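Hi,

Here is the structure I said I would pass on. Have a look at it first, and my notes follow underneath.

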Number of protein chains: 2
Amino acid sequence: MFPRSNHLIGLTIMASTLAMSRAFQFGTRLAAVSSSSRTRASQVMVRSPMFISSSSKTRTLSRRFMSTAASLTDEQKLELEDKIKQKGDEIRTLKDDGISKDDLKPHVAELLELKAQLDPSSVAPKRKKQQQQQQPKKKKQNQQQNQKPTNDDAESDYITPRAENYSRWYNDIIRVCDLADDSPVRGCMVIKPWGMSLWDSIKNDLDARIKEHGAENAYFPLLIPKSFLEKEAEHVDGFAKECAVVTHHRLTADPSGEQGLIADPEAELEDPLIIRPTSETMIWHMFKKWIVSHRDLPLKMNQWANVMRWEMRTRPFLRTSEFLWQEGHTAHATYEGALEDAKDMLTQYADMCEKLLAIPVVKGAKSPSERFAGAEETFTIEALMQNGWALQSGTSHFLGQSFGKAFDVTFQDKDGKQQDVWGTSWGVSTRLLGALIMTHSDDAGLVLPPRVAPVQVVVVPIPPKKNDEEGKVALNDALDNLVADLKSKGLKVKVDDRDYVRNGAKYFEWERKGVPLRIELGPRDVKGGVCVFKYRVGSEGKETVNLDEVGTKAAEGLDNLQEYLLDSAKERLAGNINMMATYEQMRDALEADEASEYDGPGLYLVPWKCDAENEDKIKEECKATIRCYPTDVNEAGMWEGKKCFYSGEDATHMALFGRAF
Amino acid sequence: MFPRSNHLIGLTIMASTLAMSRAFQFGTRLAAVSSSSRTRASQVMVRSPMFISSSSKTRTLSRRFMSTAASLTDEQKLELEDKIKQKGDEIRTLKDDGISKDDLKPHVAELLELKAQLDPSSVAPKRKKQQQQQQPKKKKQNQQQNQKPTNDDAESDYITPRAENYSRWYNDIIRVCDLADDSPVRGCMVIKPWGMSLWDSIKNDLDARIKEHGAENAYFPLLIPKSFLEKEAEHVDGFAKECAVVTHHRLTADPSGEQGLIADPEAELEDPLIIRPTSETMIWHMFKKWIVSHRDLPLKMNQWANVMRWEMRTRPFLRTSEFLWQEGHTAHATYEGALEDAKDMLTQYADMCEKLLAIPVVKGAKSPSERFAGAEETFTIEALMQNGWALQSGTSHFLGQSFGKAFDVTFQDKDGKQQDVWGTSWGVSTRLLGALIMTHSDDAGLVLPPRVAPVQVVVVPIPPKKNDEEGKVALNDALDNLVADLKSKGLKVKVDDRDYVRNGAKYFEWERKGVPLRIELGPRDVKGGVCVFKYRVGSEGKETVNLDEVGTKAAEGLDNLQEYLLDSAKERLAGNINMMATYEQMRDALEADEASEYDGPGLYLVPWKCDAENEDKIKEECKATIRCYPTDVNEAGMWEGKKCFYSGEDATHMALFGRAF
């Protein structure tokens, strides 16, 4: 039922990256016999064999690498490339400044024109899109069509197709599928019940893992004295900049009568407090009190909490001023103990993403400049979104002794000597909901892996005719049995028996909300002892199922769907890690992606000499950052004997570059 | 095994208050034949028959009502009473100003002297206590003794006996049993894992009830624009006064270099934000967006969140600036729908307290002056603490249309007309942990009802001699089987096999932490095929149990213990509702309680004419407040035909008066 490419079954990301490792060697050889000229760049770019051999149903991205053409001199090309880059930069700045779509159009047209001069094929998809847009609008036919609104209506039910505008699609999904809503407070969102239940599922799954990991839940104050932030030098730089500062503890009527309530000048705090952006400082302050002897170690605590970072540019779930997360903090007697703890937790995060959310991730270490403020090493899981961008989905920090020393936390070891304490911290947040949306969902709405879906099966009973009393009784009996059967398999079931909504509208609504399986049950089905299954994705058409097999079939089908979603996502990830690109190839590819907002360039796994300055330059030149030094390829020493793709010096790592949310 | 007074089995609070109702009639008759002179006040005070007929093992409170003596003239007595009142007021003020225990002593001595003149028996317990304190301190003998520290050491393991200082006992329990810790932020506490797991148990139980009630979880922003607070007139008075005000969104280095970081003057918010003290305003702002038609109603939402109220005097769990809670908010098409919702939720709270926490409560309505700011009716559950004070443990508000109108939330009814929306809100908080502590715990530490205990059974294996390899294998096998058996009954088990802690110290520690059942298993037990059970409370001594019956016996024993704790608490509650006291009796009794901090006066159920001014006067005169108008006795019309105990006018309610945390 669920087509899966055979070679992927049972493969993990570890296996995928080992396969990449083979591809890399293959790529090296291929590169050696190919021209190294920049104009033929795309020919030597080697995709992971995962992708190449795949009979994937998933969308094929980055088709542009398949075509290339040029009849310009190298000098003309360089000049054009420069202009393209300049125009790209200009467009980025305009976008950042919030330019309207219409005002942006001439700039995009200019960019496309430049690109067409360099490579006429590069604008083809864009033209197609413009044609689509020029089609006359259809009349409103019925409710359940995805009607494009005539204006930018925040209340509209319309979902912008991904290929048209990926960002807008993302926002539409969140609004239309009732995941979250804008709040009246800048950068803060309201998480609605459908979104909240996804977070609650993640919480339940992860809470058990955290306890298994040996950490206990606790709760630390929301407010942190500002002096705490000053204790760890790097930490203050990282977090003091943008944070909510509480300066008063009372409102009072404005004596001038102009402003209603004002912060009462007489209730000003001697020392301002800040709303926690993260709790290392508070927790290490308490650790000092609690840690005396080696017997108190390891000490592992976790809290589920809200935190606040005053973000200037926010996007629901991905970057909001306030967000929900868990933050684990541990203290250890040894370097090894702490390092292992940080790595273990990353593995838990990766496993949770894969098993629960069907999101494959790349595990790795951050480059020094991307580390958490105060950490000696930051480990990360990076997921690939459908537009080819990466999303950092969870981090785990090996803090060394930085916080232990900053907060003077020592312990007496077995020999009676005072020693400094080693630490870690680790967290995932509601950002994972962004990852979930952008891994599986489509133009029709949300797609939810069954294990995380708040409703796994929606049953839509189709009522008999008004006078058919016998039929009503039979339908209700069949419905009761069917629901009981599904529940006996532990499935989360909802019966949609609203009498004021038409069946078609119900189907449409639950599809949009991502419910994995819909079951239709009508009077004729009941007579025939059957019902009809329709999966949200993964299988075409409807399936007729005997009523006495409903529970078993549904449980089986949902298991398969879960696997199918994970396999599809793995395939996309493997297929989108570009291997052996030169720096120029990467830069051009990213640049070429500028005008379109979907169908992006993916990730670049390259030999790299660790260098913060070069990293900055690359970030400036093409907005790509090092997502991580992937653990497996680096542990396998894949960088050995290779030259850095940017500096040409001896490589020290394999680095995964990409654009990121 | 667990002694329970027969007449209490199966009785609910409803039954208890019905019994009180009978007692009330009985009391009325008794009062009629007794003298009404104030000097013989205590003779005519009628306790609930629950208490009188009880063969209770629970502590008998308020013994002072049993004795009375006087050879003074009425005038002398009145004068003495006045002096006692004045001294009591003075002591209260001194305490509020944070006077030290030593400085307070002469004042207390003076008060006791006055009381001794009025009634020599009143100071007897105090003398006894002073004798105890004068005993020479014993040498430190071993770890597990409850050693009184030589000074007020915040790190000490000492638990002050309740009779000596109830407040200190409460704080000691919280510190020594690892429930919470002071934080560096004024009025905010750190909830430690043992305390947090209690809250998590409450959360799990209640979350299921809330969903059953039809509400869904969501999450609303922490920060609220101050203008929102201004919209509901009463609400602003209730909550704008003391709240944390966010005025800046950035810290920056102090240009003068004096202060390190300061709130950046350039990052001042145009409109300050406040940290939510409760979320009605934010949620009704969103409701306006979400509610259009009668089909959107009822709309029921709940959030688990932190809130902040800038409290001047704080006590862990009972009153902290930041606390954790759930807040439910519902919107309805009709008056009846909203009112029923508020009442239903109160019933859920009461049931959760009773079933999970073994805390019986009195359900009732608040008097107008004690209502939530903006509510038309506030329902409450009131629990009785061991010192005779009440603790408001949960509230549910019928908001009428106040927030609907303030936020302009309307819906289109079935006939197409626009209607105002009715609302409720309801919540319980980490305050419940205070109720839990002060309902069951004793001088030896925490006592936890099994259903809420993070660890229900602690198993302490007693290792064989060093060379007894065979014995070790046998013990480990027996231990594994025993744990498996316990877990198969769904029990939460912990094995304490720390080799650096002596058995006695382990027993002591787990008793303090309130683990309901300890099982000891030694080599000799294993040979005999038995182990030893010791319950935290409710049964004397140890019990030998066959190893093949461990799971069944433990499950049964813990069920009985749960019931025993509830019965004991019910008995205390019923026994401490004083019926038919005159106002003067109540005032004197409360006054008499001033110098001792334990063994308090309990609650007073009296006929009352609802009157805010008189309520204020009583509050001022004897610090008693109306805890509620209990639902059952008021619905039964018990106040009918009675005169208000204060004004002498026709009663409108039966009111439950008492001191409260």
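**A lysine in chain B**

The side chain of B:Lys506 has a polar atom 2.9 Å from the backbone oxygen of B:Asp496. Before I go on, please keep in mind that this is a predicted model. B:Lys506 sits in helix H16 of chain B, which covers residues 503-512. Is this lysine buried or exposed? With a relative accessibility of 3%, B:Lys506 counts as buried, because the cut-off for that is under 20%. Setting aside the neighbours within four places in sequence, B:Lys506 is in contact with B:Val460, B:Asp496, B:Asp497, B:Arg498 and B:Val501. So if you want to start somewhere in the viewer, B:Lys506 with B:Asp496 is the pair I would open with.

**Where the two chains meet**

Next, the interface. On chain B, 64 residues are in contact with 64 residues of chain A. The two chains bury about 5,300 Å² between them, and 66% of that is on carbon and sulfur atoms. On the chain B side, the residues that lose the most area to chain A are B:Tyr219, B:Leu251 and B:Leu261, which together make up 12% of what that side buries.

For the polar part, the count between chain B and chain A is four salt bridges. One of them joins the side chains of B:Lys289 and A:Asp181, at 2.7 Å from N to O. There are also 32 residue pairs in polar contact across the interface, with both residues at pLDDT 80 or more. Which element of chain B gives the most to the side that touches chain A? That is helix H11, residues 280-290, with five residues. Sorted by class, the side of chain B that touches chain A has 39 nonpolar, nine polar and 16 charged residues.

The chains also pair through strands. Strand E5 of chain A (residues 245-248) and strand E5 of chain B (residues 245-248) run antiparallel and are joined by three bridges. In that pairing, A:Val245 stands opposite B:His248.

**Covered elements in chain A**

Two elements of chain A caught my eye. Helix H14 (residues 431-440) is mostly covered, with 10 of its 10 residues buried. The buried residues in H14(A) include A:Arg431 and A:His440, along with A:Leu432, A:Leu433 and A:Met438.

Strand E9 of chain A is also mostly covered, and here too 10 of its 10 residues are buried. In a regular strand the side chains alternate between the two faces of the sheet. Both faces of E9(A) are covered. On one side the buried residues are A:Leu299, A:Met301, A:Gln303, A:Ala305 and A:Val307, and on the other they are A:Lys300, A:Asn302, A:Trp304, A:Asn306 and A:Met308.

What does E9(A) pair with? Strand E3 of chain A (residues 216-217) pairs with E9(A) in the parallel sense over two bridges, and A:Glu216 has A:Met301 as its bridge partner there. Strand E10 of chain A (residues 322-332) runs antiparallel to E9(A), and 10 bridges join them. In E10(A), A:Glu322 stands opposite A:Met308.

**Backbone points to check**

A few backbone details may be worth a look when you set things up. The peptide bond from A:Leu297 to A:Pro298 is cis, with omega near -10°. A:Pro298 is in the loop between helix H11 (280-290) and strand E9 (299-308) of chain A. In chain B, the peptide bond from B:Leu297 to B:Pro298 is cis, with omega near -10°, and B:Pro298 lies in the loop between H11 and strand E9 (299-308) of that chain.

Then there are two residues in chain B with a positive phi that are not glycine. Phi of B:Phe317 is near 70°. B:Phe317 is in the loop between E9 and strand E10 (322-332) of chain B, and at 2% relative accessibility it counts as buried. B:Lys623 has a phi of about 60° and lies in the loop between helix H20 (612-622) and strand E24 (625-630) of chain B. With a relative accessible area of 37%, B:Lys623 is partly exposed.

Cheers

Technical notes: Residues numbered from 1 in each chain as written. Chains lettered and ligands numbered in written order. Heavy atoms only, no water. Contact = heavy atoms within 4.5 Å. Buried area = accessible area lost by both parts, 1.4 Å probe. Polar contact = N/O pair within 3.5 Å; in protein donor to acceptor, adjacent residues only side chain to side chain. Helix = DSSP H or I, 4+ residues; strand = E, 2+ residues; numbered from the N terminus. Nonpolar A, V, L, I, M, F, W, Y, C, P; charged D, E, K, R; others polar. Pairing = 2+ DSSP bridges. Buried < 20%, exposed > 50% of the residue type's maximum accessible area, 1.4 Å probe, protein only.
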